Amino acid sequence: ANGTYWVIVVSDKLIRLDLIIDMHRRLVGSELAVCPAADHSAPMTPERAAVFADVIGDFARRHMPAHAT
């Protein structure tokens with residue numbers, strides 16, 4: 001499939017990181033963001049929200065069409 005894929009994961013015990021890396025490698029053109037010391041609730045915590053927002057914002061800025069900004 002063509003397109004831009006973004007794989008964002010947290011380093012917890014639900015999904016092994018090696019499986020995520022394998023998925024990333026199979027999705028041609030994908031980007032992988034790993035947030036160390038985070039679990040699945042991390043994006044919703046005040047301490048980590050800014051980190052996730054920065055990663056998402058960076059991805060969006062690089063992949064949004066110029067006329068959408």
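## A tour of the salt bridges and their surroundings

Start with arginine 26: this residue is exposed, at 65% relative accessible area. Keep in mind that you are looking at a predicted model.

**Stop 1: helix 1.** Keep arginine 26 selected and add aspartate 22. The two form a salt bridge, with 2.8 Å between the closest N and O atoms. Both residues sit in helix 1, four residues apart, or about one turn of the helix. Aspartate 22 is partly exposed, because its relative accessibility is 33%.

**Stop 2: colour by confidence.** Helix 1 (residues 17-26) has the highest mean pLDDT among the elements of the protein, 86. Now select strand 1 (residues 6-10). Its mean pLDDT is the lowest among the elements, at 60. Where pLDDT is low, the predicted coordinates should not be read in detail. Across the protein the average pLDDT is 74, and 65% of the residues score at least 70.

**Stop 3: the loop after helix 1.** Select serine 30. You are in the loop between helix 1 and strand 2 (31-35). Is serine 30 buried or exposed? Serine 30 counts as buried, because its relative accessibility of 11% falls under the 20% cut-off. Next, show leucine 27. Its backbone oxygen lies 2.9 Å from a polar atom of the serine 30 side chain.

**Stop 4: strand 2 to helix 2.** Select glutamate 31 and arginine 62. They form a salt bridge, and their closest N and O atoms are 2.8 Å apart. Glutamate 31 belongs to strand 2 and arginine 62 to helix 2, so this pair ties together parts that are 31 residues apart in sequence. Arginine 62 is partly exposed, at 44% relative accessibility.

**Stop 5: a second partner.** Stay on arginine 62 and add aspartate 58. Here is another salt bridge, with the closest N and O atoms 3.0 Å apart. Both residues lie in helix 2, four residues apart, about one turn of the helix. Aspartate 58 is partly exposed, with a relative accessible area of 34%. Which residues do the shared salt bridges join into one network? Select Glu31, Asp58 and Arg62 together: salt bridges with shared partners link them. The count for the model comes to three salt bridges.

**Stop 6: along helix 2.** Finish at isoleucine 56, which is found in helix 2 (residues 46-63). Its relative accessible area is 42%, so isoleucine 56 is partly exposed. Now pick alanine 33 and draw a distance between the C-alpha atoms. The separation is 9.4 Å, for two residues 23 apart along the chain.

Definitions and conventions
Residues numbered from 1 in each chain as written. Predicted model: local features only at pLDDT ≥ 70, side-chain atom pairs only at ≥ 80, totals over all residues. Heavy atoms only, no water. Helix = DSSP H or I, 4+ residues; strand = E, 2+ residues; numbered from the N terminus. Buried < 20%, exposed > 50% of the residue type's maximum accessible area, 1.4 Å probe, protein only. pLDDT = per-residue confidence, 0-100. Polar contact = N/O pair within 3.5 Å; in protein donor to acceptor, adjacent residues only side chain to side chain. Salt bridge = Lys/Arg side-chain N within 4 Å of Asp/Glu carboxyl O.
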